[in-house]
Amino acid sequence: MKIYDQWQEIISNQTEESFSSFWDKYSETEKRIYTDILKSYESPFGGVFKDLVQKYDATEILFMGFLDGINSSLKEELNLSKIDENSEINLIIDFEKLYFNMLEAKADYLYTLSEWQSVFTQEKLDEITKTQKRSKTIINANKIGRNEPCPCGSGKKYKKCCSK
């Protein structure tokens, strides 16, 4: 079975009892990897899959989870289903997108890492945060004003008709 398939199976088969233990292991591994990436953000990130697993003291499956998580923040996404232990991994990370996606995922243990300060200024981090929050704002283009005619066709103002 491919490593990616094993990762998908583990994720989909989590129970309430097993999730906490799994999440603790996964988040610690992920935090360790991201801390290193952010410390050396100007250097390319890459190597052979099994060597990276060893470098970050991870399991193959947890490292695949990291790759699955960062994949949407890469300038060129990886085909995760084709990765095996001997695959060469080279990540070209879009750091703005990565920070945005961490905010989106509510991964506060990652977007609050102090190493982000070396990647972006605080103003830039605040700007990305505002952009992410604005992307969640829903604007109803079909909103009816209180003093507009009611859409039901009664001829009354909305506030005196269907708004009640």
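1. Let's start with E77, in the loop that runs between helix 4 (60-70) and strand 2 (88-91). This is a predicted model, so take what follows as a reading of the prediction. E77 comes out as exposed, with a relative accessibility of 53%; the cut-off for that label is over 50%. As for its place relative to helix 4, the C-alpha atoms of E77 and L67 are 9.7 Å apart, with the two positions ten residues apart in sequence numbering.

2. Staying with helix 4, G69 is found there. G69 is partly exposed, its relative accessible area being 39%. If you want a distance to check, take G69 to L91: 12 Å from C-alpha to C-alpha, for two residues that are 22 apart in sequence.

3. Now the backbone angles. Most residues other than glycine have a negative phi. Two residues here are worth a look on that score. D57 has a phi near 50°, which is positive, and D57 is not a glycine. You'll find D57 in the loop between helix 3 (49-55) and helix 4, and D57 counts as exposed at 61% relative accessibility.

4. The other one is K106, also not a glycine, with a positive phi of about 55°. K106 sits in the loop between helix 5 and helix 6 (108-111). With a relative accessible area of 66%, K106 is exposed.

5. On to the charges. How many salt bridges does a search of the whole structure find? The search turns up four. Side chains of opposite charge can pair when their charged atoms come close. I'd begin with K124 and E96, whose closest N and O atoms are 3.2 Å apart. K124 belongs to helix 8 and E96 to helix 5 (residues 95-104), so this salt bridge ties together parts that are 28 residues apart in sequence. E96 is partly exposed, at 36% relative accessibility.

6. K124 has a second partner, E127, and here the closest N and O atoms are 3.4 Å apart. Why is this a contact of about one helical turn? Because E127 and K124 are three residues apart in helix 8. E127 is partly exposed, at 43% relative accessibility. Through shared partners, the salt bridges join E96, K124 and E127 into one network.

7. K136 and E104 make another of the salt bridges, with 2.8 Å between the closest N and O atoms. This pair links distant parts of the chain: K136 is in the segment after helix 8, E104 is in helix 5, and 32 residues separate them. Both ends count as partly exposed, K136 at 48% relative accessibility and E104 at 28%.

8. There is also a positive patch on the surface, made up of R146, K156, K157, K160 and K164. Take K157 as one of its members: K157 lies in the segment after helix 8 (122-135). Is K157 buried or exposed? Neither quite fits, because its relative accessibility of 41% makes K157 partly exposed.

9. Last, the cysteines. A search of the whole structure for disulfides comes back with zero. C152 is in none, and the nearest cysteine sulfur to C152, belonging to C150, is 3.5 Å away. A disulfide needs the two sulfur atoms within 2.5 Å, so the 3.5 Å from C152 to C150 does not qualify. C152 is partly exposed, with a relative accessible area of 48%.

10. C162 tells a matching story: C162 is in no disulfide, and its nearest cysteine sulfur is that of C150, 3.5 Å away. C162 is partly exposed, with 46% relative accessible area. So if you go looking around C150, keep both contacts in view: C152 at 3.5 Å and C162 at 3.5 Å, neither of them within the 2.5 Å cut-off.

Methods. Residues are numbered from 1 along each chain as its sequence is written. This is a predicted model: local features need pLDDT of at least 70, side-chain atom pairs count only at pLDDT 80 or more; totals for chains, interfaces and linings use all residues. Side-chain values use heavy atoms; hydrogens and water are left out. Patches are made of residues with over 30% relative accessible area and no salt bridge: like charges are joined within 9 Å, nonpolar side chains (Val, Leu, Ile, Met, Phe, Trp, Tyr) within 5 Å. Accessible areas come from the Shrake-Rupley method with a 1.4 Å probe; for residues, only the protein chains shown count as cover. A salt bridge is a side-chain nitrogen of Lys or Arg within 4 Å of a carboxyl oxygen of Asp or Glu. Lys and Arg count as positive and Asp and Glu as negative; His and the chain ends are not counted. The place of a charge is taken as NZ of Lys, CZ of Arg, CG of Asp or CD of Glu. Helices (H or I, at least four residues) and strands (E, at least two) are DSSP runs, numbered from the N terminus. Buried means under 20% relative accessible area, exposed over 50%, partly exposed in between (1.4 Å probe, protein chains only).
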